[in-house]
Amino acid sequence: MADTKSNTPTKSTANSEQGHSMDSMNKPAALTQDPHALREPKENNLEIAIGHEVRALRKKLGITIADLASATGISMGMLSKIENGVTSPSLTSLQALASALGVPLTDFFRRYEEPRNAVFVKSGEGIAIERRGTRAGHEYNLLGHIDNNTSGVVVEPYLLTLTEESSSFPAFQHEGMEFIYMLEGEVRYRHGDQLYYMQAGDSLFFDADARHGPEELLSFPIRYLSIICYPARS
């Protein structure tokens with residue numbers, strides 16, 4: 001491989017290469033979720049869990065609150081309160097809803113009873129797996145996976161390692177969003193028709209439906225985190 005110093009862009013070159021940066025983009029709209037907020041006490045979350053299930057089942061059937069009110073004999077106002085988790089429905093109401101929605105009564109408690117899992121991975125103990133880039137000498141270590149989580153989103157966190165024996169592979173394309181964070185080394189990373197010169201501390205967040213991947217491997221070893229998110233399939 002040619003001398004990496006000659007391949008390393010200057011700051012001005014890198015900026016012209018990359019196109020859009022955080023400095024040139026408009027600030028995102030205010031984010032609505034407070035990452036430091038606490039949920040309500042668990043005893044108050046039962047109503048919220050039931051409401052979520054009622055609404056989800058109703059929408060899955062493609063019926064309105066008025067349709068459900070007619071089928072159950074429960075007023076639209078009461079159904080709205082149930083779906084929003086602001087009232088505790090009686091057993092009689094739950095039985096009527098289960099019958100109208102065609103599900104067992106226990107389905108309404110599924111979200112409340114689901115465990116909230118966490119995965120802890122010690123350094124060096126990620127699971128080595130094979131993906132499309134493996135044949136190019138890219139080492140993938142999966143850092144965690146949680147099935148059946150409550151978010152409706154699948155998240156795959158990987159640690160990727162590339163060495164002198166690895167090849168460039170700018171040919172990934174898949175659904176969802178991806179975030180990469182450089183830990184070590186230097187690379188030119190392609191996303192669509194843009195090239196990004198990346199080194200330790202740099203990050204890239206992108207729509208993974210565009211062709212992407214490391215196009216030029218400039219300085220080894222190369223290590224970066226890749227976090228892929230996509231909707232869970234029902």
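**Exercise 1.** Is Val-155 buried, partly exposed or exposed, judged by its relative accessible area?

*Solution.* The model is a predicted one. Step 1: take the relative accessible area of Val-155, which is 36%. Step 2: set this against the cut-offs, where buried means under 20% and exposed means over 50%. Step 3: Val-155 therefore counts as partly exposed. Step 4: place the residue in the fold; Val-155 belongs to strand S3 (residues 153–162). Step 5: look at the surface around this side chain. Val-153, Val-155 and Ile-227 make a nonpolar surface patch of about 180 Å².

**Exercise 2.** Find how many salt bridges the structure holds, then work out which parts of the chain the pair Glu-83 and Arg-55 ties together.

*Solution.* Step 1: the count of salt bridges is 5. Step 2: in one of them, the side chains of Glu-83 and Arg-55 meet at 3.6 Å, N to O. Step 3: locate both partners. Helix H5 (residues 76–83) contains Glu-83 and helix H3 (residues 42–61) contains Arg-55, so the salt bridge ties together parts 28 residues apart in sequence. Step 4: assign the exposure of each partner. Glu-83 has a relative accessible area of 4% and is buried, while Arg-55, at 22%, is partly exposed.

**Exercise 3.** Determine which strands are linked by the salt bridge of Glu-216 and Arg-188, and which partner is buried.

*Solution.* Step 1: the side chains of Glu-216 and Arg-188 form a salt bridge with an N to O distance of 3.1 Å. Step 2: Glu-216 sits in strand S7 (residues 212–231) and Arg-188 in strand S4 (residues 177–191), 28 residues apart, and the pair links these distant parts of the chain. Step 3: Arg-188 has 9% relative accessibility and counts as buried. Glu-216, at 30%, counts as partly exposed.

**Exercise 4.** Describe the salt bridge of Arg-190 with Glu-215 by distance, location and exposure.

*Solution.* Step 1: the closest N and O atoms of Arg-190 and Glu-215 are 2.5 Å apart. Step 2: Arg-190 is in strand S4 and Glu-215 in strand S7, so this pair ties together parts that are 25 residues apart in sequence. Step 3: the relative accessibility of Arg-190 is 17%, which counts as buried; that of Glu-215 is 24%, which counts as partly exposed.

**Exercise 5.** Which residues do salt bridges with shared partners join into one network?

*Solution.* The network consists of Arg-55, Arg-58 and Glu-83, joined by salt bridges that share partners.

Terms used:
Residues numbered from 1 in each chain as written. Predicted model: local features only at pLDDT ≥ 70, side-chain atom pairs only at ≥ 80, totals over all residues. Heavy atoms only, no water. Salt bridge = Lys/Arg side-chain N within 4 Å of Asp/Glu carboxyl O. Helix = DSSP H or I, 4+ residues; strand = E, 2+ residues; numbered from the N terminus. Buried < 20%, exposed > 50% of the residue type's maximum accessible area, 1.4 Å probe, protein only. Patch = residues over 30% accessible without salt bridge, like charges linked within 9 Å, V, L, I, M, F, W, Y side chains within 5 Å. Areas by Shrake-Rupley, 256 points an atom, 1.4 Å probe, with all protein chains shown as cover.
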